[in-house]
Amino acid sequence: MRRDRSRVGYRYETTRDDYGDLASGAVLRSAPGFPAFPVRLASEVFQHALDVRGGTDPAVLWDPCCGSGYLLTVLGILHRRSIARLLASDIDADAALTLAAANVGLLAEGGLAARAAELTERARRFDKPGYAEAAAAAGRLSRRLEAAGGPLPYAVRQADVFDPTALASAVGGSEPDLVVTDVPYGEQTEWTGGHAGRGLHGMLTAVASVLRPAAVIAVIVRGRRVPPIGAARPRRKLRVGTRAAALFVAADLNDAGPAHP
């Protein structure tokens, strides 16, 4: 793995594609308090993370602050060929994980086809064109996923992102080598849990402690830069619009030491 200078703007997603089929609240489910994430930026960060990781093997991708599971589901659809398995975890076992299971479940065998049938029935029952349009989108996404490798294995588990023991249990059997996560901004979402005061430093060092040393962690925040994490230096930094991302290697974060309680 090599270190790289900061980048502003897009390196991989240099053209604006139409991501309308992936809009939150259409095929992919949404709920109040669970913001979506810009699809183009999600794809850009994921491809940077793959590059930093190196190799050609498909990634085991984990989002330890998964919320609605929107970010993971989008990446699973866009980059099926580069992903072997998904892992979603969150402290909220009710609203968040219920919604995440519904979204990443679209990537299971027949998941998108079932969603298309559900939306088609709603269009018939309520005579709303929006449902018919979403049903057509679900069909297109289903065909796209099938062409790229078919159903994607996944797991959805509860874990406090500040608790290494809980995280180790959530990760058990999955062995993620790539993490992409959009952390709470304190607007629609916020840190919860008994150790939330440890903030980003505590979250990243806890996540790194349960990963293999070479695993790559891409963390995204709202702002111009990701705050320093002890002595750990990012392997790569990105800034696009109002968001910044930093890509770390787990071994570097483990060397940075834990956050203060």
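**Figure 1. Contact between helices H1 and H2 in the predicted model.** Val39, Ala42, Ser43 and Phe46 of H1 are in contact with Tyr70, Leu71, Val74, Leu75 and Leu78 of H2. Sorted by class, this contact has eight nonpolar residues, one polar residue and no charged residues. Helix H1 covers residues 39-53 and helix H2 covers residues 70-78. Their axes lie 10 Å apart, and the packing angle is about 70°. An angle from 65 to 115 degrees counts as roughly perpendicular, so H1 is roughly perpendicular to H2.

**Figure 2. Contact between helices H2 and H5.** On the H2 side the residues are Gly76, Ile77 and Leu78, and on the H5 side they are Leu141, Arg144 and Leu145. By class, the contact has four nonpolar residues, one polar residue and one charged residue. The axes of H2 and H5 come within 8 Å and cross at roughly 60°. The two helices are therefore oblique to each other.

**Figure 3. Leu78 and its surroundings.** Leu78 belongs to helix H2. Its relative accessibility is 16%, and buried means under 20%, so Leu78 counts as buried. Apart from neighbours within four places in sequence, Leu78 is in contact with Leu22, Val39, Ser43 and Arg144. Val39 and Ser43 are in H1, while Arg144 is in H5. Leu78 takes part in the contact of H1 with H2 and also in the contact of H2 with H5. For a distance across the model, take Asn254, which is 176 residues from Leu78 along the chain. The C-alpha atoms of Leu78 and Asn254 are separated by 31 Å.

**Figure 4. Helix H7, residues 199-208.** Ten of the ten residues of H7 are buried, so the helix is largely enclosed by the rest of the structure. The buried residues run from Gly199, Leu200, His201, Gly202 and Met203 to Leu204, Thr205, Ala206, Val207 and Ala208. What covers them includes both helices and strands. Among the helices are H6 (164-171) and H8 (250-256). Among the strands are E2 (59-63), E5 (178-182), E6 (216-222) and E8.

**Figure 5. The second largest pocket.** This pocket has a volume of about 230 Å³. Its lining is made up of 18 residues. Ser6, Arg225, Val226, Pro234 and Lys237 are the lining residues that lie nearest the centre of the pocket. Strand E1 (7-8), strand E7 (236-240) and strand E8 (243-249) are the elements that each give two or more residues to the lining. E8 gives the most, with four residues. By class, the lining has twelve nonpolar, one polar and five charged residues. Strand E8 also appears in Figure 4, among the elements that cover the buried residues of H7.

**Figure 6. Two loop residues with a positive phi, Asp127 and Glu175.** Asp127 is in the loop between helix H4 (111-126) and helix H5 (129-147). Asp127 is not a glycine, yet its phi is positive, at about 55°. With a relative accessibility of 68%, Asp127 counts as exposed. Glu175 is in the loop between H6 and E5. Its phi is also positive, at about 50°, and Glu175 is not a glycine either. Both H6 and E5 are among the elements that cover the buried residues of H7.

How values were computed: Residues numbered from 1 in each chain as written. Predicted model: local features only at pLDDT ≥ 70, side-chain atom pairs only at ≥ 80, totals over all residues. Heavy atoms only, no water. Axes fitted to C-alpha atoms, helices over the stretch in contact; angles between N-to-C directions. Parallel < 35°, antiparallel > 145°, perpendicular 65-115°, else oblique. Contact = heavy atoms within 4.5 Å. Nonpolar A, V, L, I, M, F, W, Y, C, P; charged D, E, K, R; others polar. 1 Å grid on protein atoms, 1.4 Å probe; cavity = no way out; pocket = protein on both sides within 12 Å on 5 of 7 lines; lining within 4 Å. Points joined across faces, edges and corners; volume = space filled by probe spheres on them. Buried < 20%, exposed > 50% of the residue type's maximum accessible area, 1.4 Å probe, protein only.
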